[in-house]
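Got the viewer open? Here is a short tour, stop by stop, with something to select at each one.

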Amino acid sequence: MANPMTLYRAASGVRLPAAFVDLDALDRNVDLIRARLLAGASGRKTLRVASKSVRHTGLLRRILARGGPDFVGLMCFSTEEAVFLCDEGFDDLFVAYPTVQARALDAFAQRAAEGRVLWHVVDCEEHVSALGVAGRRAGIELAAVIELDVSYRPAGGRVHLGARRSPVRSAAGAVSLARLAAQTAGVRVAGLMGYEAHVAGVQDANPFAPMMNPVKRALKRVAQPAVALLRAEAVEALRADGHDVVLVNGGGTGSVPLTAAEPVVTEVTAGSGFLAPHLFDYFAGLELEAAAYFALEVCRVSDAGYVTCAGGGYVASGEPGADKLPLPWVPLGLRYVAMEGAGEVQTPLIVMPGATQPRIGDPIFFRHAKAGELAERFSEYHLVRGGEIEATEPTYRGQGRCFL
Ligand SMILES: Cc1ncc(COP(=O)(O)O)c(C=O)c1O
């Protein structure tokens, strides 16, 4: 828990609502994630930063700089975003979410033709063909990374545990898509990605559903070896078929050491862990520090024992649930009103017995459930070091960008 006095000092005199990033905590999270990468690694592995979990160019630069030579490149969430980041001076960008939109792919291919290191995910014929068209128009071969779905699918595939990411589910499936890519001018097969969302993204110490925690831990233990085996089989089969697989990506914040331990993996992705939103408090053994938060103004007191904040309905994506609401953080002892939750224009909170009653005009500090989505609600982040605002810099939104 951050020192509350530090939060109040940084927010003093700032227009509310406002979002803050604690750069000291961010640095410590970068160091911790880097240590987890190196501790787990079998051979040299690098870490690719998931931009979707940051969405702020100033912070992306700081994370890459702090990570040093072990942090290489960004995983982008849209083709247009990769183009934007190229123009912002970033390099080695892997778009891990597919598109067939010609204009975006043409701009992407143009940056590749200018010498940027760019990679694009594909999982079907349509993706390969659209990438090929863009590559040919730019007079180059674009680097395609095949996405392998590594979900846990026992009972002959009748049960599916994991994100629905790709129809490619076997080494044979990867080889057949790679052959198609090899026959398509303007594209070359350059890598394989398998994202084990059911291991890296599943909280196994979640106070909102405590009964499920042992089940989730057991599932992760069973699922991870299956992921490793499938990834290894697919890479081996692609190489045996003559494809030059140079990038093998996997993992997320919740699985860094496990994924780094796989010999076949060349790089692990992480993003959320740097800002450590509150969903990342609920992973066993992951001791990250809250680095991003926002402050709302107490604008009214409707009843004794309540306060109402202006704004606040910044609900996170994913399976709906109470854990997707922002977490009232400081001062302690504030709870949502069940019938209202985090509201569109105002958020009433119950002041629990024993807690100090905030006054009108006070800031109330919250943490978002997810790392990147906060940046869609604020045009700038106040960057705090040693309790003082060191800089105020725009989010993607503040730069006029909204990619998805
Ligand atoms: C392809 C891919 N890799 C990795 C990640 C992990 O990101 P994070 O570390 O932010 O959980 C994600 C998150 O959704 C993803 O989509």
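One term before the first stop: a residue is called buried here when its relative accessible area is under 20%, and exposed when that area is over 50%. Keep in mind, too, that this is a predicted model.

**Stop 1: helix H4**

Select residues 79–87, which make up helix H4. How many of its residues are buried? The count is 7 of 9, so call this helix mostly covered. Colour the buried ones if you like: Thr79, Glu81, Ala82, Val83, Phe84, Leu85 and Cys86.

Now show what sits over those buried residues. The cover includes two helices, H3 (57–67) and H5 (102–113), along with strands S3 (71–76), S4 (93–95) and S5 (118–122).

Go to the N-terminal end of H4 and add serine 78, which caps it. One of its side-chain oxygens lies 3.4 Å from the backbone nitrogen of glutamate 80. Past the other end of the helix comes glycine 89, with a positive phi near 100°.

**Stop 2: strand S7 and its neighbours**

Next, select 187–194 for strand S7. Is this strand enclosed or open? Because 7 of its 8 residues are buried, S7 is largely enclosed by the rest of the structure.

Add strand S6, residues 142–147: S6 and S7 run parallel and are joined by 6 bridges. To see one of the pairings, pick leucine 142 and its bridge partner in S7, valine 187. Then trace the chain from S6 to S7, and you will pass through helix H7 (residues 171–182) in a right-handed β-α-β crossover.

S7 has another parallel partner to bring up, strand S8 (residues 247–250), with 4 bridges between them. Here, glycine 191 is matched with leucine 247 in S8.

While S6 and H7 are on screen, look in the loop between them for glycine 162. This glycine has a relative accessible area of 31%, so it is partly exposed. Leaving out residues up to four places away in sequence, glycine 162 touches Ser151 and His198. You can also draw a distance from its C-alpha to that of alanine 223, which should read 9.8 Å although 61 residues separate the two along the chain.

**Stop 3: the two domains**

Zoom out and colour by domain: 23–271 is domain 1, and 292–399 is domain 2. Their C-alpha centres are 32 Å apart. The contact between them draws on 22 residues of domain 1 and 19 residues of domain 2.

Together the two domains bury about 1,600 Å², with 52% of that on carbon and sulfur atoms. Which three residues of domain 1 supply more of its buried area than any other three? Select Leu23, Arg55 and His56, which account for 42% of what domain 1 buries against domain 2.

Keep Arg55 on screen and add glutamate 376, in the loop between strands S15 (363–367) and S16 (380–385). The two side chains make a polar contact at 2.8 Å. With sequence neighbours up to four places away set aside, glutamate 376 touches Arg55 and Arg397. Its relative accessibility is 16%, so glutamate 376 counts as buried.

**Stop 4: strand S10**

Select residues 292–300 to bring up strand S10, then add strand S1 (residues 18–22): they pair antiparallel over 4 bridges. Alanine 18 has alanine 295 of S10 as its bridge partner.

S10 also pairs antiparallel with S15, again through 4 bridges. A pair to click on here is phenylalanine 294, which stands opposite phenylalanine 366 in S15.

With S11, S10 forms an antiparallel pairing of 2 bridges, in which arginine 300 stands opposite threonine 308. The hairpin of S10 and S11 has 5 residues between the strands, and glycine 305 there takes a positive phi near 85°.

**Last stop: aspartate 323**

Finish in the loop between strands S11 (306–310) and S12 (327–330), where you will find aspartate 323. Is this residue buried or exposed? Its relative accessibility is 11%, so aspartate 323 counts as buried.

Show the side chain of asparagine 206 as well, since a polar contact of 3.5 Å links it to the side chain of aspartate 323. For the wider surroundings, display residues that aspartate 323 touches, among them Gln203, Phe208, His278, Leu279 and Ala369.

Terms used: Residues are numbered from 1 along each chain as its sequence is written. This is a predicted model: local features need pLDDT of at least 70, side-chain atom pairs count only at pLDDT 80 or more; totals for chains, interfaces and linings use all residues. Side-chain values use heavy atoms; hydrogens and water are left out. Buried means under 20% relative accessible area, exposed over 50%, partly exposed in between (1.4 Å probe, protein chains only). Contact means heavy atoms within 4.5 Å. A polar contact is a pair of N or O atoms within 3.5 Å; within protein, one must be able to donate a hydrogen and the other to accept it, and residues adjacent in sequence count only if both atoms are side-chain atoms. Two strands pair if DSSP finds at least two bridges between them. A crossover is right-handed if, with the strands pointing away from the viewer, the path from the first strand over the helix to the second runs clockwise. Domain bounds come from an automatic or database domain assignment. Buried area is the accessible area (1.4 Å probe) that two parts lose on being put together, summed over both.
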